[in-house]
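Student: I should like to understand how the descriptive terms used for a protein model are justified. May we go through them one at a time?

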Amino acid sequence: MKICYRDIKFRQNSLELIERVNRIIEEYQAKGYSLTLRQVYYQLVARDVIPNNERSYKNLGNLISDGRIAGLIDWMAIEDRTRNLRGNSHWDTPGDIINSAAYSFAYDKWEGQEKYVEVWVEKDALVGIVGQICNKLDVPYFSCRGYVSQSEMWMAARRLRRMSSDKQTVIIHLGDHDPSGVDMSRDIVDRLGIF
């Protein structure tokens, strides 16, 4: 849904970058994904369109914001997964809640398996993509957002200890293959060992 709220005169290189952004969005929408600003940014960095630095990320954010205001980028194409309205669920009839519960019913696909698996993703930007396959396979997942917080690591250790009483635990950590990403994998092993 492209809606123009204000006419903005863009430089030619800005218009070209908006067009690249739209192509990336369309490419991922065709696969059933919606993207965050950070995911669009990483796609542009990976394709050597923009440099990987904070200034470049901020400039892209401003350009996308202006592109949306000007009606050049679909408002529904980029989502913010960190700021969501929360509230209680409501149903119109008792039958509606029963249908909702029936829709939510699922057998544990991992019951009786020898392993318990979780996927931990370094970057929050990848949760939407990883989550689609994890949901399909009934595998729990979460975003580490860099180094896992002490609170979440402690909770994970308690959860994994319960699961490991009758199953082997496997954590798939999806992180960058750079010094800090490799160190995050080490940190996970070390701190889980402590807890």
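Tutor: The following exchange sets computed values beside the cut-offs behind each term. Please keep in mind that this is a predicted model.

Student: Let us begin with the helices. What makes α1 roughly perpendicular to α2?

Tutor: Helix α1 (residues 12-29) and helix α2 (residues 37-46) pack at an angle of about 110 degrees, and their axes are 10 Å apart. Angles of 65 to 115 degrees count as roughly perpendicular. The value falls in that range, so α1 is called roughly perpendicular to α2.

Student: Which residues meet where α1 and α2 pack?

Tutor: From α1, Leu17, Arg20, Val21, Ile24 and Tyr28 take part, and they meet Val40, Gln43 and Leu44 of α2. By class, this contact has six nonpolar, one polar and one charged residues.

Student: Why are α1 and α3 called roughly perpendicular?

Tutor: The axes of α1 and helix α3 (residues 54-69) come within 11 Å and cross at roughly 85 degrees. Since the range for this term is 65 to 115 degrees, α1 and α3 are therefore roughly perpendicular to each other. In this contact, Ser14, Leu17, Ile18 and Val21 of α1 meet Leu60, Leu63, Ile64 and Gly67 of α3. The classes here are six nonpolar, two polar and no charged residues.

Student: Now to the sheet. What makes β2 and β3 edge strands?

Tutor: The open sheet has three strands in the order β2-β1-β3, with parallel pairing. Strands β2 (141-143) and β3 (168-174) each pair on one side only, and they are the edge strands. Neighbouring strands of this sheet are turned by 20 degrees against each other on average, direction ignored.

Student: How do you know that β1 and β3 pair?

Tutor: Two strands pair if there are at least two bridges between them. Strand β1 (residues 115-121) and β3 have seven bridges, in the parallel sense, so the condition is met. As an example, Glu118 has Ile171 in β3 as its bridge partner.

Student: Which helices pack on the sheet?

Tutor: Helix α6 (residues 150-163) packs on the sheet and touches β1, β2 and β3; the direction of α6 makes about 165 degrees with that of β1. Helix α7 (residues 179-194) also packs on the sheet, touching β1 and β3, and the direction of α7 makes about 155 degrees with that of β3.

Student: Let us turn to charged side chains. Why is the contact of Arg23 with Glu19 called a salt bridge?

Tutor: The closest N and O atoms of Arg23 and Glu19 are 3.9 Å apart. The cut-off is within 4 Å, so the pair qualifies as a salt bridge. Arg23 and Glu19 are four residues apart in helix α1, which means that about one helical turn separates them.

Student: Is Arg23 buried, partly exposed or exposed, and which of these is Glu19?

Tutor: Buried means under 20% relative accessible area and exposed means over 50%, with partly exposed in between. Arg23, at 44%, is therefore partly exposed. Glu19, at 38%, is partly exposed as well.

Student: How many salt bridges does the structure hold, and which of them involve Lys123?

Tutor: The structure holds nine salt bridges. Among them, Glu122 forms one with Lys123, the closest N and O atoms being 3.5 Å apart. Asp176 and Lys123 meet in another, at 2.7 Å from N to O. Asp176 lies in the loop between β3 and α7, and Lys123 in the loop between β1 and α5 (127-137), so this pair ties together parts that are 53 residues apart in sequence.

Student: Why does Lys123 count as buried, and what does Asp176 count as?

Tutor: Lys123 has 18% relative accessibility, so it counts as buried, the cut-off being under 20%. Asp176 has 30% and is partly exposed.

Student: Finally, what makes the phi of Asp138 worth a remark, and where is Asp138 placed?

Tutor: Asp138 has a positive phi of about 65 degrees although it is not a glycine. Asp138 sits in the loop between α5 and β2 and, at 31% relative accessibility, counts as partly exposed. Arg145, again not a glycine, has a positive phi of about 55 degrees and lies in the loop between β2 and α6. At 58%, Arg145 counts as exposed, because that term applies over 50%.

Key
Residues are numbered from 1 along each chain as its sequence is written. This is a predicted model: local features need pLDDT of at least 70, side-chain atom pairs count only at pLDDT 80 or more; totals for chains, interfaces and linings use all residues. Side-chain values use heavy atoms; hydrogens and water are left out. Helices (H or I, at least four residues) and strands (E, at least two) are DSSP runs, numbered from the N terminus. Axes are lines fitted to C-alpha atoms, for helices over the stretch in contact, and angles run from 0 to 180 degrees between N-to-C directions. Contact means heavy atoms within 4.5 Å. Angles under 35 degrees count as roughly parallel, over 145 as roughly antiparallel, 65 to 115 as roughly perpendicular and the rest as oblique. Ala, Val, Leu, Ile, Met, Phe, Trp, Tyr, Cys and Pro count as nonpolar, Asp, Glu, Lys and Arg as charged, and the others, Gly among them, as polar. Buried means under 20% relative accessible area, exposed over 50%, partly exposed in between (1.4 Å probe, protein chains only).
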